[in-house]
Amino acid sequence: MSASEINTSANEIKYLSEFYHLPEFKTLEGYKKNGGYIQLPKALKMQPQEIIDLVKASGLRGRGGAGFATGMKWGFLPKNNEPRYLLCNADEGEPGTFKDRMMMEKAPHQLVEGMIISGFAIGSKKSYIYVRGEYSDSINALEVAIAEAYKAGFLGRNILGSGFDHDMDVYRGAGAYICGEETGMISSLEGLKGQPKLKPPFPAIQGYLKKPTIVNNVETLAAVKYILRDGAAGYRKYGTEKSAGTKLFSLSGNIVKPGNYEVPLGFSLKDMIYGLGGGTKPGKKLKAVIPGGSSAPVLTADEAERANLDYENLAQMGTMLGSGAIIVIDDSKCMVECLANLMHFYHHESCGQCTPCREGTGWLDKITTSILAGRGRLSDIELLLKVADNMKGKTICALSDAAALPVLSFVSKFRDEFEFYVREGKSKVKGVVYKTPSYQSDHSKLGAH
Amino acid sequence: MSEIITENKTEKKMLNCKINGVALFVKEGSTIIQAMYENQQKIAHYCWHPGLSIAGVCRLCMVEVTGNPRLQIACNTQVIEGMDINNTSAKVIEATKWGLDFHLINHPLDCPVCDQAGECGLQDQYMEFGQYNSEMAEPKTKKHKVVDLGPTVVLDSERCILCSRCVRFTDEVSKTNELGIFNRGDHAEIGTHAGKKLDNKYSLNTVDICPVGALTSKDFRFRQRAWYLKDAETICNGCSTGCSTKVYFNKEGLFRVKPKHNAAVNGYWMCDEGRNTYKFVNKESRLLKSYQFKNNSWGFESMAGAATRNLINIFKTAKADEMALVLTGQQTVEEYEAIVSFFADHLKSKNIFHWNNNESTVNDFDGLLIRGDKNPNTKGLLQVLSKHQISTKWTDLENQLASGKIKNLVVVGPENISVYNDLELKLNLFSKAEHLIYLSSASLPQWENIKTLKYVTVIPLKTYIEKSGTFINYAGLAQKFNKVTTVVSEALTVSEFAQLAKGEELKIEYVVSENLMTSEHQRADQVVLEHRKKNEFVFNRGQF
């Protein structure tokens, strides 16, 4: 890519992250000084249904991965007085994703305010923030912020004299990827083994403690207050017709300037990589991009340069926006090794409930590892595709698909690298055979993991 | 066999649907798998069990619903009006084949040494959908074998397909919560929670519902191959609940008892105690011939029929009030009717007594199946007695025996002597009679301990496995059952005894018994359950 083709005018739109550079934004005082807790009293004077309608009109879609319309999700709750829960999914386990962490560390009050408003809208008196166990700083920041909010009367009984009660707690996860799946998270929060639950019933009808429950991502809940501030039309100023608003993207991998970038949806992936990310390192060429976290099908460099970062465009390209984790892979990386790495991850993280996923993730891991060790058979390549194809859409949750989709895309788009590896017993890119990864020897050990 | 099916009384809307082209009319709220199960349609499944909650994890019961591009699992999809369902399309068959393959890739395929072979869900589905060569070329995941879960059950984790039926059983039915699934992914294994054993009164149901050979019964494993066994239905005689059961037997004897579904009585389950009721039927614990104790020694071996005919004179000459009859709740209604009418109508004796072995616990109930009355037919006995207007007190018998008023005492002894703790005490009492005629299916080593024996005739009886009849359970439900097999062909039923004693002709068929089941023929379980292997992975959790 020559310098002239790079669009340097493409800039971040700091909508949610406007004040993230201010250390004081973390505190209640600093947050209030910069526009915080102005929407909350406004919201408490509205009718809950008005807020739900507003969120519906804004076109806000879930930022955790699935991109489901938030207002519609809220609308699934039963229309009665049954107690209900609001859960914030801050498990952020998708490899490559680190936007929620930044949001919680830099602006915990933004999430807390968004959650109180959302809680009011759906009629929930209790909410939990389920935070990934490794995120100690996020947990500390949230706990301080919640304590400050209680003290200031934004949480607890009769919030700001409105008659609305709301309590909020932080729950620390124990590091399982599957607990980022909403029903897996609910199981974990209930004190059970973190395993997804059979649907139906869906959480909106029967979730946490068998009560109606809404689970939303950190970024989704934080955005609610901005929709109130700017109205649905104001929020729709950014993004596309179907993918409204801005989104935080976590840029990582073989890139000069990795980090979180907030851009309007529909932003060009090329601009993200070359403009904001500074491109690949000198002398290296872009080979592939995983656009939406490790579960999203990979794009070739060519496809990546044509893609736009919105739900529809990426779906059209056969992949997905997911959690917004853009993993850049340059030409010094071996795709066989990348896939084997991913497969090991999914094998390790499968909860083991559904047979196709439990056995399939292990099988895929073993096949890729044996290819990597130079023991692959040519038939293994077809077998990878067959196994992945039969894991897809056959299980309770999407972890099985998350493991299958990378296989299908890696093998079909970079088949030459796989075939070379099997034929020659070494990497096409690196020219060497990998030593058996340390984890592979674990397979023979009982009770490993 | 009882054919009592209780219909759900609450009226439910019926829905029209079509499954594999067959138009069906199913209850609203039914899942597809229920509809198929109730209409004898074949569908592959492992985790679903009609008596347990829905887990939806084996992913084998895939069906295609017209209008839905994604295959659905039949166990968690409710039938809606007009649904068109099939599980025979190429798409479903391919999905099922792969679903089976995922179950098999880490399965040890040790069918030749597996107890489940012949009645294994994996084998059945493989014959139905598989018959291919596995593409799995990688080393299989190793898991624990010969895990001693408790006093009754052994686990082989490599055979386990993690359907979670056993876990759900201990959570939902026995409510003892001993089992859980530990670890994640393909390292997940069934195990008992730290410090717990699978030790409850219903533990062997987990073996029944295990679709593979992961859970095996310590009592049954390595005793017989499933295909060398015949089975027949009967009623459990372990207590007054009267569960429907299936007994498994061959010419070597009886080997196991399993529950048979009976919505009115036991659902899908039975207790572990009831599974032992085959043991007293086998020849090793039976009275095979008639003997007499006379002149201070046992002797005069004879066939049961001949021995009974020899008693005819006694019944002809004895005075009615010098005779007495003792009955337990272990015989059939038909037999009670025969012997009671023989005594009451023929001999004109109303001295008929009910030997109640568990007066203090008779109304106990554990909330699931086990009842304190360890007799299958106490209700039946009481009904026959009241029909003949017999109301006697046990103390009358004791007094009359003490005073020597009763000279000839006929006792129909219990089959299941393990639940008669007062047996020796009662034998002591009975031996006060001048002539004790003791009818029993069990050989009683207890006679050795009775020092006051005068004159005793013992006559072998048939057990519940060897006769047809009716038991009336605690709730008054009369359940008919048929003869399963013959173990001791020389033995009599109580009705036959009554007929012979009356002097009627009775052709007794002597079949040369092939039943060889004696303790010498039984092999001990030769697999040593090393302590080291006991739930190791549970106790070492987190140390890897």
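Me: Which residues in α2(B) meet A:Thr355, A:Pro356, A:Glu359, A:Gly360 and A:Trp363 in α14(A)?

Reply: This is a predicted model, in which local features need pLDDT (the predictor's confidence in each residue, from 0 to 100) of at least 70, side-chain atom pairs count only at pLDDT 80 or more, and totals for chains, interfaces and linings use all residues. Residues are numbered from 1 along each chain as its sequence is written, chains are lettered from A and ligands numbered from 1 in the order written, and side-chain values use heavy atoms, leaving out hydrogens and water. Helices (H or I, at least four residues) and strands (E, at least two) are DSSP runs numbered from the N terminus, and contact means heavy atoms within 4.5 Å. The residues that meet those of α14(A) are B:Trp98, B:Asp101, B:Phe102 and B:His103.

Me: How far apart are the axes of α14 of chain A and α2 of chain B?

Reply: Helix α14 covers residues 355–372 of chain A, and helix α2 covers residues 90–104 of chain B. With axes as lines fitted to C-alpha atoms over the stretch in contact, and angles running from 0 to 180 degrees between N-to-C directions, the two helices pack at about 60 degrees, their axes lying apart by 9 Å.

Me: Which residue in β10(B) stands opposite B:Val154?

Reply: Two strands pair if DSSP finds at least two bridges between them, and 3 bridges join β7 (residues 153–155) of chain B to β10(B), the two running antiparallel. Opposite B:Val154 stands B:Thr216.

Me: Over which residues of chain A does pLDDT stay under 50?

Reply: Chain A averages a pLDDT of 93, and 95% of the residues score at least 70. Where pLDDT is low, the predicted coordinates should not be read in detail. In chain A, pLDDT stays under 50 over residues 441–449.
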